[in-house]
Amino acid sequence: MIAFRGVSKVYTAGGREVAALRNVSLRVEAGEIHGVLGQSGAGKSTLIRCANLLERPTEGSVSVDGQDLLALSPEALRKARQGIGMIFQHFNLFGSKTVAANVAYPLEVAGAPREAIRERVEELLSLVGLSDKAQAYPSQLSGGQKQRVGIARALAPRPRVLLSDEATSALDPETTRSVLGLLRDINQKLGVTLLLITHQMDVVKAICDSASVLERGRLVEQGKVTELLAHPSTRLHQLCFPAFAPPTDAPSGRRVALTLAGEHARRPLLGTLARQFDVDALLVEGAMERVGNTRVGRLLVDLQGSADAVSQALAYLREQGLTLEEAAHG
Ligand SMILES: Nc1ncnc2c1ncn2[C@@H]1O[C@H](COP(=O)(O)OP(=O)(O)OP(=O)(O)O)[C@@H](O)[C@H]1O
């Protein structure tokens, strides 16, 4: 488990103070994948670097697995850091070392026996699908392969927590998907807790259980991804479902924006409106998104039928717990 409590970070540069984090409190449960989403300059890198004290907070506390990192001696912090792996946007591999030597590096630093290192490196390269590249150099690898080496190296000391600093930002969409799939597998197979920062909503949708949004150093929301997306008022929802385009034609019925999540997204609601209420739903615009094992959607529909029937249909949808907005955003 990772806990930030009241964390602030102020940088002083050229006599000027920059508040990069302002009173951030965030809890990531053990075994979760948590994504921190934010625009450039929001403070994401600062936040993730505070999780292993590469950056020391100006105020507040950071604990990992119940250990208050700021209270540790330098020696104890060095040990605690072995339990916190990190992967980077630009991979940070040693160009002059082979893939195997890159992965072995943290184990050599920790003084592990040679044979144990050899076995562990083999196991890790197999885990990330690079057994055939052990003797290659980073310059001979694609971006996705380099990141897989970065992941293998980060996992070498068997960390409980993995920090990902925009690990897929430099990769194309397909490679991004495969690296995210690998991170999800690692989380599930090894139970590693993952804290990642990203400016890409797609990363959050693809693998995060929970997420938070950082804006100008402040955490403006946090929660389960599916729960945040189910509410049109959240930043996460608005980032996932951009506002509908302004209408160019007159509505052909009562125009309503529907947010479907969880159970609702699995039921044939529009068919029910037709059968039970004699109300047809014309789909104007919208999207359904897959989020983990569930689906979330936002649809703009024109409900067509007698005024009474449409009112009853709307009452039914509200009773079902759906979020409805008559004045669709946009
Ligand atoms: N070492 C530093 N010295 C002074 N200011 C800094 C330093 N590092 C970051 N900042 C400032 O702190 C703020 C947050 O920066 P940070 O890099 O954490 O944001 P970010 O969300 O990771 O941005 P990006 O996505 O562009 O990397 C910015 O205003 C940045 O200019």
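In what order do the 4 strands of the open sheet stand, and is their pairing parallel or antiparallel? The order is β12-β13-β11-β14, and the pairing is antiparallel. The legends below describe this sheet and other parts of the structure, which is a predicted model.

**Figure 1. Overview of the protein chain and its two domains, domain 1 and domain 2.** The protein chain contains 11 helices and 14 strands. Its C-alpha atoms occupy a box of roughly 80 × 50 × 35 Å along the principal axes. Domain 1 covers residues 2–224, and domain 2 covers residues 241–326. Between the C-alpha centres of domain 1 and domain 2 there is a separation of 40 Å. Of the 330 residues in the protein chain, 36% are buried. Where contacts join residues at least 6 apart in sequence, 68% of them link residues at least 24 apart.

**Figure 2. The shell of residues around the ligand.** The ligand is surrounded by 13 residues, of which Tyr11, Ala20, Ser40, Ser45 and Thr46 are the closest. At least two residues of this shell come from each of β1 (2–13), β2 (16–28) and α1 (44–50). The greatest contribution is that of α1, with 3 residues. By character, the shell comprises 5 nonpolar, 7 polar and 1 charged residues.

**Figure 3. The hairpin formed by β1 and β2.** Strands β1 and β2 run antiparallel and are joined by 9 bridges. Within this pairing, valine 7 has valine 24 of β2 as its bridge partner. The turn of the hairpin places 2 residues between the strands, and glycine 14 in this turn has a positive phi of about 55 degrees. Both strands also supply residues to the shell around the ligand.

**Figure 4. The open sheet of β12, β13, β11 and β14.** The 4 strands are arranged in the order β12-β13-β11-β14 with antiparallel pairing. Strands β12 (280–291) and β14 (323–325) occupy the edges; each has a single partner strand, so one side of each has no neighbour in the sheet. From one strand to the next, the twist averages 15 degrees.

**Figure 5. The pairing of β11 with β13, and the helix across the sheet strands.** Strand β11 (residues 254–261) pairs with strand β13 (residues 294–304) in the antiparallel sense, over 8 bridges. Leucine 258 is opposite leucine 299 of β13. Helix α11 (residues 307–319) lies across β11, β13 and β14. Relative to β14, helix α11 runs at about 140 degrees.

Notes: Residues numbered from 1 in each chain as written. Predicted model: local features only at pLDDT ≥ 70, side-chain atom pairs only at ≥ 80, totals over all residues. Near = placed C-beta within 6 Å. Nonpolar A, V, L, I, M, F, W, Y, C, P; charged D, E, K, R; others polar. Domains from an automatic or database assignment. Pairing = 2+ DSSP bridges. Axes fitted to C-alpha atoms, helices over the stretch in contact; angles between N-to-C directions. Contact = placed C-beta atoms within 7 Å. Buried ≥ 20, exposed ≤ 12 C-beta atoms within 10 Å, placed from the backbone.
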